[in-house]
Amino acid sequence: MSFRNIFNRTLPWVQSPLIANAPMSGAALSELAIAVSRAGGLGQIGFLDDMHELSNELQVARDKLQDLMATLPDPQVLPIGVGVIVFGSPMEAWMRLFKTHKPAVVWLSFAATNQLQQWTEGIRQASPKTQVWVQLGSVKAALDVAQACHPDALVLQGSDAGGHGHQDGASIVSLVPEVTDTLLQHGISDIPLIAAGGIVDGRGTTAALSLGASGVVMGTRFLSAPETRIPRIYRDAIFKASDGGQATARSRVFDEMWGPNFWPKTYDGRCLRNKVYDRYVSGEDINQIRKWLSSAMNEPGAESLDVHDMGSLWAGTGVGMVNTMQMAGDIVRTVRDDVRKGIGSLVGEY
Ligand SMILES: Cc1cc2nc3c(=O)[nH]c(=O)nc-3n(C[C@H](O)[C@H](O)[C@H](O)COP(=O)(O)O)c2cc1C
């Protein structure tokens, strides 16, 4: 089965189908990004609000990927992506960073269309070889951003996704084909669509490709990789969780449990379900919940909490299929091989 690699020109080290790790804030650092890009995927570093730390991570990636970079048409371009949570981020400082490090992809998320337009134009000036990808979660947002920014790819984030996303979302099963149709109706057929949300293996990836995606992004699956920087208790909770629709929940309470929520109203997030969420949906006032949480954390003899209750453990509905530790490069290779075998068997070539 031969695959057409539509990223041949723009991301020449990437093998088909494109598999990227999500730029998970604080968890996806250079170690993960390097491993994923080395395996022929798109490795990405997640948002960090400490620009100095981020610059160091990018420099580590540059130092360690010298051999791969030497094989690319433009050896100055860093073969990884960098995620930006746009709202509240100081644009000028980021543009300086992109000018210096020239990442292959800048992934923008969580902002209004006019902000995304400013950022897209800024990035194209600061680092013309950098691809601009925008993650969003609705048909309207996809059309608005396609028309206003004409990004190099649109990442369509379905409601199964772990982490923050559109509060009123749909799964990729309807989101990807409806966006495809809508863009076509408006004469736009040259922006690749990448699917994210609930994809953890070759089956999910094959499904996403058949819906019209040109590649996939996985966050939750990469939480199993030792290169992803999360505490061991978080990874263990991921491995233990099963039945993703029950074990995880979408809510704004995960950003409200410790204090005011600075996220715009359109966004909530999917986490491992916890006692805070259960109290919230049963109608308890958020201030009451915070008081309970604080006393449970600090007072000896108070109700015992487990790891789910003490923080927001972001995870998607695919969590039930993420059960064992696997090196990031092996995840990329396994998923890619499974897709090739699976699609081959579907069309009768294997
Ligand atoms: C732990 C975690 C952190 C995340 N952080 C970010 C982030 O900083 N920026 C972003 O655009 N998306 C973030 N996401 C969402 C991902 O980009 C992506 O949409 C999601 O992981 C896809 O769904 P999946 O987790 O089911 O694979 C995060 C997801 C997870 C699980």
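**View 1. Gly329 sits in helix α14, which covers residues 328-346.** Everything shown here and in the other views comes from a predicted model. With a relative accessibility of 7%, Gly329 falls under the 20% limit and therefore counts as buried. Look for Val36 too: 293 residues separate it from Gly329 in sequence, yet the two C-alpha atoms are 5.4 Å apart in space. Once neighbours within four places in sequence are set aside, Gly329 is in contact with Ala35 and Ala39.

**View 2. Ser312 is found in the loop that runs between α13 (307-310) and α14.** If we skip residues up to four places away in sequence, Ser312 touches Phe254, Met257 and Cys271. Gly26 is 286 residues from Ser312 along the chain, and their C-alpha atoms are separated by 13 Å.

**View 3. Here are the two domains, as the domain assignment gives them: domain 1 (18-229 + 325-346) and domain 2 (242-310).** Measure from one C-alpha centre to the other in your viewer and you should get 28 Å. Where the domains meet, 13 residues of domain 1 and 12 residues of domain 2 take part in the contact.

**View 4. The largest nonpolar core is made of 110 residues.** Trp94, Leu108, Trp133 and Leu154 have the most contacts inside this core. Helix α6 (residues 139-149) is the top contributor, giving 7 residues. Domain 1 (18-229 + 325-346) and domain 2 (242-310) both supply residues, so the core lies between them. Apart from this core there is another one, of 13 residues, and Ala249, Phe254, Cys271 and Trp292 are among them.

**View 5. This one zooms in on Leu108 and the residues in contact with it.** Not counting neighbours within four places in sequence, the contacts of Leu108 include Val84, Val86, Leu116 and Trp119. Thr120, Ile123, Val132, Trp133, Val134 and Gln135 are also in contact with Leu108.

**View 6. Eight strands line up in an open sheet, and the pairing is parallel.** Walk across the sheet and you pass the strands in the order β1-β9-β8-β6-β5-β4-β3-β2. At the edges are β1 (18-21) and β2 (43-45), each of which pairs on one side only. From one strand to the next, the twist averages 25°.

**View 7. Two helices of this view, α4 and α5, meet strands of the sheet.** Helix α4 (residues 91-101) packs on the sheet and touches β3 (78-85) and β4 (103-109). The direction of α4 makes about 175° with that of β3. Helix α5 (residues 113-126) lies across β3, β4 and β5 (131-136), and runs at about 170° to β4.

**View 8. Strand β8 (residues 193-196) is covered on both faces.** In a regular strand, side chains alternate between the two faces of the sheet. Here Leu193 and Ala195 are on one side, Ile194 and Ala196 are on the other, and all are buried. Strand β6 (residues 153-157) runs parallel to β8 and is joined to it by 4 bridges. Gln157 has Ala196 as its bridge partner in β8. With strand β9 (residues 215-218), β8 pairs in the parallel sense over 3 bridges. On that side, Ile194 has Gly215 as its bridge partner, and Ala196 stands opposite Val217. Add helix α8 (residues 202-211), and β8, α8 and β9 together make a right-handed β-α-β unit.

**View 9. Strand β9 has buried residues pointing both ways.** Gly215 and Val217 point one way, while Val216 and Met218 point the other way. β9 also pairs with β1, in the parallel sense and over 4 bridges. Leu18 is the residue that stands opposite Gly215 in this pairing.

**View 10. Strands β10 and β11 pair in the antiparallel sense.** Strand β10 (residues 248-251) and strand β11 (residues 267-272) share 4 bridges. The bridge partner of Ala249 in β11 is Cys271. Thr248 and Arg250 point one way from β10, Ala249 and Ser251 point the other way, and all are buried. Ala249 and Cys271 are also among the residues of the 13-residue core from View 4, and Cys271 is one of the residues that Ser312 touches in View 2.

Methods
Residues are numbered from 1 along each chain as its sequence is written. This is a predicted model: local features need pLDDT of at least 70, side-chain atom pairs count only at pLDDT 80 or more; totals for chains, interfaces and linings use all residues. Side-chain values use heavy atoms; hydrogens and water are left out. A nonpolar core is a set of buried Ala, Val, Leu, Ile, Met, Phe, Trp, Tyr and Cys residues joined through side-chain atoms within 4.5 Å. Buried means under 20% relative accessible area, exposed over 50%, partly exposed in between (1.4 Å probe, protein chains only). Domain bounds come from an automatic or database domain assignment. Contact means heavy atoms within 4.5 Å. Two strands pair if DSSP finds at least two bridges between them. A crossover is right-handed if, with the strands pointing away from the viewer, the path from the first strand over the helix to the second runs clockwise. Axes are lines fitted to C-alpha atoms, for helices over the stretch in contact, and angles run from 0 to 180 degrees between N-to-C directions.
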